[in-house]
Amino acid sequence: MGDPSAFGGTLEGLRAYHLGPLRLHAPLPLPLLAADPAADPAADALVRVAARSSLPEEGERFRTSALSIDADGRAWMDMAGRARIGIGGGREIGVAPAPGLSEADVAALLLAGPLAVLLCQRGLVPFRFSVVEVGGVAIVLAGVAGVGKSTLALALAARGARLVSDDLSVLSFSDGAAQPVAWPGTRRIAVWGDISAAVAPGRPARPIRDGLARHFVDIPGSAAAPLPVRAVVLLRLGAGAIASARMQPAEAVARILDRVTERAPIRRLGAEGPLLDTVGRLCRAVPVHHLQRTADLSALPALADRVLALAGGADAP
């Protein structure tokens, strides 16, 4: 695990979770991740909760508005004054929360970037996509922020699909394997409150944090093991009717990479090579469909039906 005192903090009452292919131990509940019931005490990464003064000083080399990276690759995130978080070597996260910050808020802040940074440091690619399971295979819903990936995943869940991950999705290839797999990730779908009420009125939902209108919606029965990817659906908003078309691999690669908004941090964290390799192999291995949707929520059932048809192998017009 590297230097156990890099960030200090408590390790009492550790809980085990799945984060993609990694086993993450944390001293606080992380309800957005799947619990790991295995008896093996080994962990791939640790979360520590520490006093701000116990975190080492940063030696800044690279900075964006929220992320800085030391010369030794250790990353730091200032979460709008709510917490200072250090991520070291893909093996440890130190969290120094502001006084009075709840465990639920700390868990939500970890999802807002630090867990993605940890994955990048391990050479794994975290995509801001939604992934659902249909008939034992994974369907990846890709697109820019705000295009409706989570909303569509919620509509598919109403038709029996199971959530694999939402907004923090890890896709990878095993050594020598031609088939990509999607790893279990976040276990709840994050949508705005009005969408939650309209699309899933009977499902439990709660605000992501106090004062925020965005809600987590519980989706029971999520997949507990990596699943083979059957197809990628690349969403975009349009004014016309629902329309879909299969894309050529080269075009699909370019379109997906255009929708990865964190290329500079990914490059600085040493994960651009895995990103390019994963996207290239993904688009050669499985069909990628362009799917136009409208902003009209009443069209979601038809949109979900189109995705299910594409998952079944249909190249619907």
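**Helix 5 against helix 7**

I began with this pair, and helix 5 and helix 7 turn out to be oblique to each other, a word I keep for angles that are neither under 35 degrees (roughly parallel), nor over 145 (roughly antiparallel), nor 65 to 115 (roughly perpendicular). Their axes come within 9 Å and cross at roughly 140°. I take axes as lines fitted to C-alpha atoms, for helices over the stretch in contact, with angles from 0 to 180 degrees between N-to-C directions. The crossing of helix 5 and helix 7 is right-handed; that is, the near helix is turned clockwise from the far one by less than a right angle, where anticlockwise would be left-handed.

Which residues make the contact? From helix 5 I noted Pro249, Ala252, Val253, Ile256 and Leu257, and from helix 7 Leu275, Leu276, Val279, Gly280, Cys283 and Arg284. Contact here means heavy atoms within 4.5 Å. I sorted the residues of this contact into nine nonpolar, one polar and one charged. My classes: Ala, Val, Leu, Ile, Met, Phe, Trp, Tyr, Cys and Pro are nonpolar, Asp, Glu, Lys and Arg are charged, and the others, Gly among them, are polar.

**A note on the model**

This is a predicted model, in which local features need pLDDT of at least 70 and side-chain atom pairs count only at pLDDT 80 or more, while totals for chains, interfaces and linings use all residues. Residues are numbered from 1 along each chain as its sequence is written, and side-chain values use heavy atoms, leaving out hydrogens and water.

**The faces of helix 5**

In helix 5 (residues 249-258) I found Ala252, Ile256 and Leu257 buried. Seen down the helix axis, these buried residues fall within an arc of 125°, so they line one face of helix 5; the arc is taken from the directions from the axis to the C-beta atoms. On the other side, Ala250 and Asp258 are exposed. My cut-offs are under 20% relative accessible area for buried, over 50% for exposed and partly exposed in between (1.4 Å probe, protein chains only). The buried residues pack against strand 19 (227-237), helix 6 (263-268), helix 7 (272-285) and strand 21 (288-293).

**Helix 3 and helix 8**

Next I looked at helix 3 (residues 149-157) and helix 8 (residues 300-311), whose axes come within 9 Å and cross at roughly 80°. That makes helix 3 roughly perpendicular to helix 8. Thr151, Leu152, Ala155 and Leu156 of helix 3 meet Leu300, Leu303, Ala304, Val307 and Leu308 of helix 8. By class, I have eight nonpolar, one polar and no charged residues in this contact.

**Helix 2**

Is helix 2 (residues 114-121) enclosed or open? Eight of its eight residues are buried, so helix 2 is largely enclosed by the rest of the structure. Just after helix 2, Gly123 takes a positive phi of about 80°.

**Two loop residues**

Most residues other than glycine have a negative phi. I therefore stopped at Asp167, not a glycine, with its positive phi of about 75°. Asp167 sits in the loop between strand 13 (162-166) and strand 14 (169-172), and is partly exposed at a relative accessible area of 32%.

Pro201 is in the loop between helix 4 (193-199) and strand 17 (205-207) and counts as exposed at 66% relative accessibility.

**The whole chain**

I closed with the totals: eight helices and 21 strands, being DSSP runs (H or I, at least four residues, for helices; E, at least two, for strands) numbered from the N terminus. Of the 317 residues, 52% are buried.
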